[in-house]
Amino acid sequence: QVQLVESGGGLVQAGGSLTLSCAASGRTFSTYNIGWFRQAPGKEREFVAAITWNTGTTYYADSVKGRFSISRDDAKNTVFLQMNSLKAEDTAVYYCASRQQAIGSRYRETSYDYWGQGTQVTVSS
């Protein structure tokens, strides 16, 4: 089992920046990817970014490329999502998720096994 706790959400003006954290505990050695997803009211949960734990390789949704950056702190079992040039359409609950096997797709929520509680990001304009 892997436990995930997100933090860092809040209210920010359009064009501003915010950094989210995802602290993992439990059987983290079995983690293949840590991903960030987001969900706005009435919308489906969508992929934002992911990192392959062993290699540090990163992946991004087209909508956030060049603005968001995912990174890791191996010693702390923590993943960060640095969000820059925020737009109103970035407003959503952001979730951290752990993918335990290289089965399915890193871009799909159904490929992930464990989820955090979510943290709200609101971008005002």
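Let's start at N77, which sits in the loop between strand 7 and strand 8. This is a predicted model, so take every value here as computed from predicted coordinates. What is odd about the backbone at N77? Its phi is positive, about 50 degrees, although N77 is not a glycine. Most residues other than glycine have a negative phi. As for accessibility, N77 has a relative accessible area of 25%, so it counts as partly exposed.

S85 does something you can put beside that. Its phi is near 50 degrees, again a positive value in a residue other than glycine. You'll find S85 in the loop between strand 8 and strand 9. Its relative accessible area is 41%, which makes S85 partly exposed.

Now go back to N77, because N77 is also one of the residues that line the largest cavity. How many cavities of 30 Å³ or more are there? The count comes to one, and the largest cavity has a volume of about 60 Å³. Along with N77, the lining takes in C22, A24, T28, T31, I34, W53, T78 and V79. Strand 3 (residues 18-26) and strand 8 (residues 78-83) each supply at least two residues of that lining. By character, the lining residues divide into five nonpolar, four polar and no charged.

T31, another of those lining residues, is worth a stop of its own. It belongs to the loop between strand 3 and strand 4. Is T31 buried or exposed? With a relative accessible area of 7%, T31 is buried, since the cut-off for that is under 20%. Two C-alpha distances help to place T31 in the fold. One runs to D113, which is 82 residues away along the chain, with 9.6 Å between the C-alpha atoms. The other runs to T52, 21 residues away along the chain, where the C-alpha separation is 8.6 Å. T52 itself is in strand 5, and at 5% relative accessibility T52 counts as buried too.

Strand 5 also brings us to the aromatic residues. A search of the whole structure finds seven aromatic pairs. Take F37 and F47: their ring centres are 5.7 Å apart and their planes make an angle of 80 degrees, so this pair is edge-to-face. Why does the pair tie together separate parts of the chain? F37 lies in strand 4 (residues 33-39) and F47 in strand 5 (residues 46-52), so the contact joins parts that are ten residues apart in sequence. Both F37 and F47 are buried.

F47 has a second partner in Y107. Here the ring centres are 5.0 Å apart and the planes are again at 80 degrees, so the F47 and Y107 pair is edge-to-face. This one links distant parts of the chain: F47 is in strand 5, while Y107 is in the loop between strand 9 (92-99) and strand 10 (114-115), 60 residues apart. The two partners sit in unlike surroundings. F47 has a relative accessible area of 10% and is buried, whereas Y107, with 39%, is partly exposed.

Step back and these rings join up. F37, F47, Y59, Y95, Y107, Y112 and W115 form one aromatic cluster. Then look for R45. Its charged end sits over the ring of Y95, 3.9 Å from the centre of that ring. R45 also lies over the face of W115, at 4.8 Å from the ring centre. Y95 and W115 are both members of the cluster.

Two loop residues round off the tour. K65 is in the loop between strand 6 (58-60) and strand 7 (68-73). Its side chain makes a polar contact of 3.1 Å with the side chain of D62. Measuring C-alpha to C-alpha, K65 and V48 are separated by 9.2 Å, with their positions 17 residues apart along the chain.

A14 is in the loop between strand 2 (10-13) and strand 3. A14 has a relative accessible area of 42%, so it is partly exposed. Its distant partner is E89: the two are 75 residues apart in sequence but 9.6 Å apart in space, C-alpha to C-alpha.

Technical notes
Residues numbered from 1 in each chain as written. Predicted model: local features only at pLDDT ≥ 70, side-chain atom pairs only at ≥ 80, totals over all residues. Heavy atoms only, no water. Phe/Tyr/Trp six-rings, centres within 6.5 Å; stacked < 30°, edge-to-face > 60°. Helix = DSSP H or I, 4+ residues; strand = E, 2+ residues; numbered from the N terminus. Buried < 20%, exposed > 50% of the residue type's maximum accessible area, 1.4 Å probe, protein only. Lys NZ or Arg CZ within 6 Å of the ring centre and 35° of its normal. 1 Å grid on protein atoms, 1.4 Å probe; cavity = no way out; pocket = protein on both sides within 12 Å on 5 of 7 lines; lining within 4 Å. Points joined across faces, edges and corners; volume = space filled by probe spheres on them. Nonpolar A, V, L, I, M, F, W, Y, C, P; charged D, E, K, R; others polar. Polar contact = N/O pair within 3.5 Å; in protein donor to acceptor, adjacent residues only side chain to side chain.
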